[in-house]
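Hi there,

Here is the structure I promised to pass on. Have a look at it first, and my notes follow underneath.

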Amino acid sequence: MIESPIKDEQKVFVTGNEVIAWAALAAEADIMYGYPITPQNEIMHYWTRLAPKYGKKFLQTEDELSAGFTTLGGILAGRKAFSATAGPGTILFQESISMAEMMRIPMVVVVQQRGGPSTATVIYSQQEVNMVTFGGNGEGWRVVYSTSTHQELYDYTIKAFNTAWKYRFPTFILGDGYQAKMRESLVMYKPSARGIELVKPYTVLGGPGVPGRDRLAVHLRNTFSVEEELYEAVMPAQEEYEQMAVEVVEHDSQHTEGAEIIIIAHGVVSRAAIAAMNRLRNKGIKAGYFRPITLRPFPEQELRKAAGHCSNFLLVESALGQLARLVKEALFNVPVERFDTIYKPGVGITAEELVEAIEKNRKVEH
Amino acid sequence: MCLQEAYVGEYASGKSENAINRALSLVGGGQPVTLVDLDLVEPFYTLRPLRDELSAKGLDVIAWQTRETLGLGEAGSILLPQARWALKREGHVILDVGYGVHGTRSFNLLEGYGESGLQVLAVVNAARPMTASVPDIVDYLRSFEHIDGLINNSHLGDDTDLDIIHRGVEIVSEVSRILGVPVAATSVDERFRDSFGDCDQRGNPVRFLHRYMPHAFW
């Protein structure tokens, strides 16, 4: 028995990519499949440095199509398998992710968003929201956790494996190049020490005995002969997705009650949103903040509730309206007084610019 | 006597911060000081955002300007031509060498490397999980071809306390004993200036760091 890599709680100084490798170990992942792409490379680098010490495995595939499908293969064989990618890699992953949706395969993929479209830039953006939430040919049966700190990268990577194996929908950690490369402290812990029970993986294909004689045959399908047959398969899965949604949806909000303006952001940008909110409140401006943690399923009811307190919004993201699309859908039919946006595809957003934008708008109004 | 030093070590161990501070500490001594970004994987995300600020402080900075080149990421990058000749410059030359062991393999791209007196200093942060214990650090440093000195740079960013610095001193001193490589310095965030004299508890010189890297926006 190889001893656990993480014993007592330990405070460490790390980059975000390293966090993923350590968290996957803590979550008792068995194998990572992957193909190199910036800015997620160090997830693979650190996993391959750690894996041999703890009896874990790694396979570098020939591209991301293969990385996606080998991950599915590993999972069907009963291994906790995961992968990580970004940008053009996330495009190639869509086919295997769609298969995971249809066959209900508990795939875990970490996406460290980089600039787009195409090869674009190698470090930062929030332009993979569309692709990660609804990128496949289907209905977006995915769970997407958008993280904002190294501690969240650790906590939600552990949670992602549990969500995937419990509900059997593909589950994502949506980070970005800044989170990947950024350095800050982290408390590593063993999930059991915090009362987190890890969902055990199980073999789907290739179990012991002869199928049909010793056990039931497993018949996974992603192909249906006629449209009615597809309809009969899709509708119950949609129902299960909706049932799960209530249990997994997460958001964070502060001071939305009594706010005169609510800043909406997700991921690393929400750090700027919180800082801006605090600075504005120190100046006597009643700012609030709302952040979806799960982008799929989206915390629709929670946002609509916040909009009941204040219908004046500033939405900020490092993309041209990808978060805004999800937010507008969630707010359908809710009266909104004002919906300002700051869209900066590929570029970071600071608390200073948010404070300045809100103060400028107030001056115009008064 | 002019210094030629290269700061190497584990990814995110604090090489750039130590190289910048070392270079700035030499400014004003009557000799020109050159700081070279020798990161061939991600040169655009270390010294680049600080280039103008550091030049204004009197450093001659050899680093790509964003618009002069392409970000090739995992495909690597092109050596800035001036960097190739950096060791032939007059005055002090400080090299910030990216990407761990692989980074040091770029030394052969430097003209005059073989006959230079380049001092290779390995920066170690014992709060990094891969280099948290004596055996792990020893194993890691043995993968380098050559090291002249160790820099104990143990910290937890904003959460640093005296305990982690002192623990780092003990760990790195033990590594020094095993490898037979001296501890060149313990580097400490300048906010701990009042807690240290010229030396740490093991008698190693202390260098105080002003943190420039948080301005690099990541």
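Two strands count as paired if DSSP finds at least two bridges between them. Helices (H or I, at least four residues) and strands (E, at least two) are DSSP runs, numbered from the N terminus. This is a predicted model, in which local features need pLDDT of at least 70 and side-chain atom pairs count only at pLDDT 80 or more, while totals for chains, interfaces and linings use all residues. Residues are numbered from 1 along each chain as its sequence is written, with chains lettered from A and ligands numbered from 1 in the order in which they are written.

With that in place, strand 1 of chain B (residues 4–9) makes a nice starting point. It pairs in the parallel sense with strand 4 (residues 92–96) of chain B over 4 bridges, where Gln4(B) has Val93(B) as its bridge partner. Strand 1 of chain B also runs parallel to strand 5 (residues 119–124) of chain B, joined by 5 bridges, and there Glu5(B) stands opposite Gln119(B).

Gln4(B), Ala6(B) and Val8(B) point one way from strand 1 of chain B, Glu5(B), Tyr7(B) and Gly9(B) point the other way, and all are buried (20 or more other C-beta atoms, placed from the backbone, within 10 Å of the residue's own).

Now to chain A, which has 12 helices and 14 strands. Of its 366 residues, 47% count as buried. The C-alpha atoms of chain A fill a box of roughly 80 × 50 × 40 Å along the principal axes.

Enjoy exploring!

Conventions. A residue is buried if 20 or more other C-beta atoms lie within 10 Å of its own, exposed if 12 or fewer, and partly exposed in between; C-beta atoms are placed from the backbone.
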